[in-house]
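Work through the following exercises with the sequence and the 3D view side by side. Try each task before you read its solution.

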Amino acid sequence: MWWGYSPALDVQLELNKTGANCLGECLEVLIVGAGDARHIVKTLASSYLYNDRTITYNVIEPTMEQVARSILLLSTCLEKELGLQEATRYYLEILGNTLIRPATAKYLVQQSNLLADIPTNTIECPWLSLEKFKHKDKDRLEAIFKFWERAACESVPIVRYWDQRVRKSLKTRYDYRDGVFDWDYHMVLKPRGVSHLTVQEYRFWRNNGIAFTWIEGEPARSNPTLLSNIMQHGPGFFHYSYLGDIANGPFFTWNLEEAKDKKKFRATDITEREVMRAIHEIKAREPLCEELIASHRDPSILNGVLITEMPDSEMEQESWKKERNKRKANNIPWINIENHKVIFHPVTSLETLKDKAEYSDKFDFLWIAQNMIKQLPNLAPLLKKGATVLVELQKYLVEPREEGLQNFVKEVKEIAQKSGLREICEINAREHCIARFCKM
């Protein structure tokens, strides 16, 4: 729910791979259910490699919390004042950790306060458009940001929420959960070619929801961006507990680079490197030097596995005093990305866009998540002839076994064929995490 299960993709590179000859000065991209902003971040990072082109990212997410998280993650990558390592670790902790470092929690308070002003147009955000949302959607989005600001200060027992989910999922196997986690790692994920992810990292995440750790800092504050169904009620808020993924993890979005040597790196180290590279390229519009990566990391711990103990629960629950941030009017904190625009659409658009003439044959590229494939018939009429369609597969999901992977690929093919899509290359359920199609 909160992250994807396939790598971050450069949209322009994917279009070039399929031999798309329709690449003009403007590209219309549709991203459905990605769960995070990784494809936008990757495409922004690589844009300096191509001719200047205007790219509009049209994004549909199932929940408003996912919309808010995507805005927060993009904002973190684009903020002018953040250092490279600082922005990278904020991004990763917010993306995939139930507990975050105090510095990240303070950043979350600050950013939530800032972003809450976007739906009300109190602050200008040149790279973002919420014009497709109704007023009630904008009010809900504002309430989510305000809840994050308050919850990051007052804290919520998210680790307890996580444990309740694990207990409910495993039932009588809960007392033997480390054995269950080891089985899923060694017998399911490793045979599917997961690079770098260590069993210690995976088991630690399965136990408490903390995916990315560093020896230089201790995660001790709750991450309220992982809570669901946030609703404002008078001066306070209602929210559900943690309803996201507890089996697979956020390791497959930036950690699927092929191993170039025999050194054993953690998923955290590889993911940090790739996100750091993307943020640097967005801001500097040039490749990231490997020496620059090394300058941000202690080489003595790059080749090791770190086991982090859980902090004292009292640290998680300690209340902070909320201070309002004073901000100058018209002080835009983001770098300029004038050729790129992110437009969020309400989830109801999945049913309604096909009936609107202005969206017929509009999009050059579609990416759709594995849990949204039944929407392909609604989205196919929105695509130009020859448009590239990428469908996320279930290779990196623990739950489906081999037969389940094969059945899912079969279902994808059937839906794609009925939707007027042609396979670009044969799909191998065991090898591929993305299926590629073309609009006929």
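Two strands pair if DSSP finds at least two bridges between them, and helices (H or I, at least four residues) and strands (E, at least two) are DSSP runs, numbered from the N terminus. This is a predicted model, in which local features need pLDDT of at least 70 and side-chain atom pairs count only at pLDDT 80 or more, while totals for chains, interfaces and linings use all residues. Residues are numbered from 1 along each chain as its sequence is written, and side-chain values use heavy atoms, with hydrogens and water left out.

**Exercise 1. The sheet**

Task: Determine the order of the strands in the open sheet of eight strands, and find which strands stand at the edges.

Solution. Begin with the general idea that strands of a sheet pair through backbone hydrogen bonds, either parallel or antiparallel. Reading across this open sheet, the order is S4-S8-S2-S1-S9-S10-S12-S11, and the pairing is mixed. Strand S4 (128–129) and strand S11 (421–423) stand at the edges with a single partner strand each, so one side of each has no neighbour in the sheet.

Next, look at strand S8 and its partners. S4 and S8 run parallel and are joined by two bridges, with leucine 128 standing opposite valine 342 in S8. Strand S2 (residues 54–60) also runs parallel to S8, through six bridges, and here isoleucine 55 has histidine 340 as its bridge partner. Of the six residues of strand S8 (residues 340–345), five are buried (under 20% relative accessible area, whereas exposed means over 50% and partly exposed lies in between, with a 1.4 Å probe and protein chains only). Strand S8 is therefore largely enclosed by the rest of the structure.

**Exercise 2. From one strand to the next**

Task: Describe how strand S9 is joined to strand S10, first by bridges and then by a salt bridge between side chains.

Solution. Strand S9 (residues 363–368) and strand S10 (residues 383–392) run parallel and are joined by five bridges; in one of these places, isoleucine 368 has valine 391 of S10 as its bridge partner. For the side chains, recall that a salt bridge is a side-chain nitrogen of Lys or Arg within 4 Å of a carboxyl oxygen of Asp or Glu. Aspartate 364 and lysine 384 form such a bridge, with their closest N and O atoms 3.0 Å apart. Because aspartate 364 lies in strand S9 and lysine 384 in strand S10, the pair ties together parts that are 20 residues apart in sequence. Aspartate 364 is buried at 0% relative accessibility, whereas lysine 384 is partly exposed at 28%.

**Exercise 3. Salt bridges within a helix**

Task: Of the 24 salt bridges found in the whole structure, examine the one between glutamate 142 and lysine 146 and the one between glutamate 274 and arginine 277.

Solution. The closest N and O atoms of glutamate 142 and lysine 146 are 3.1 Å apart. Both residues lie in helix H6, four residues apart, which is about one turn of the helix. Glutamate 142 counts as buried at 16% relative accessibility, while lysine 146 is partly exposed at 35%. Turning to helix H10, glutamate 274 and arginine 277 meet at 3.6 Å, N to O, and they are three residues apart, again about one helical turn. Both glutamate 274 and arginine 277 are buried.

**Exercise 4. Aromatic pairs**

Task: Classify the ring pair of phenylalanine 145 and tryptophan 148 and that of phenylalanine 147 and phenylalanine 237.

Solution. Rings of Phe, Tyr and Trp (its six-membered ring) pair if their centres lie within 6.5 Å; planes under 30 degrees apart count as stacked, over 60 as edge-to-face and the rest as tilted. The structure holds 14 aromatic pairs. In the pair of phenylalanine 145 and tryptophan 148, the centres are 5.5 Å apart and the planes meet at 85°, so the pair is edge-to-face. These two residues lie three residues apart in helix H6 (residues 135–154), and both are buried, phenylalanine 145 with a relative accessible area of 1% and tryptophan 148 with 0%.

The rings of phenylalanine 147 and phenylalanine 237 have centres 5.5 Å apart and planes at 65°, so this pair is edge-to-face as well. Since phenylalanine 147 lies in helix H6 and phenylalanine 237 in strand S7 (residues 236–238), the pair ties together parts that are 90 residues apart in sequence. Phenylalanine 147 is buried, at 6% relative accessibility.
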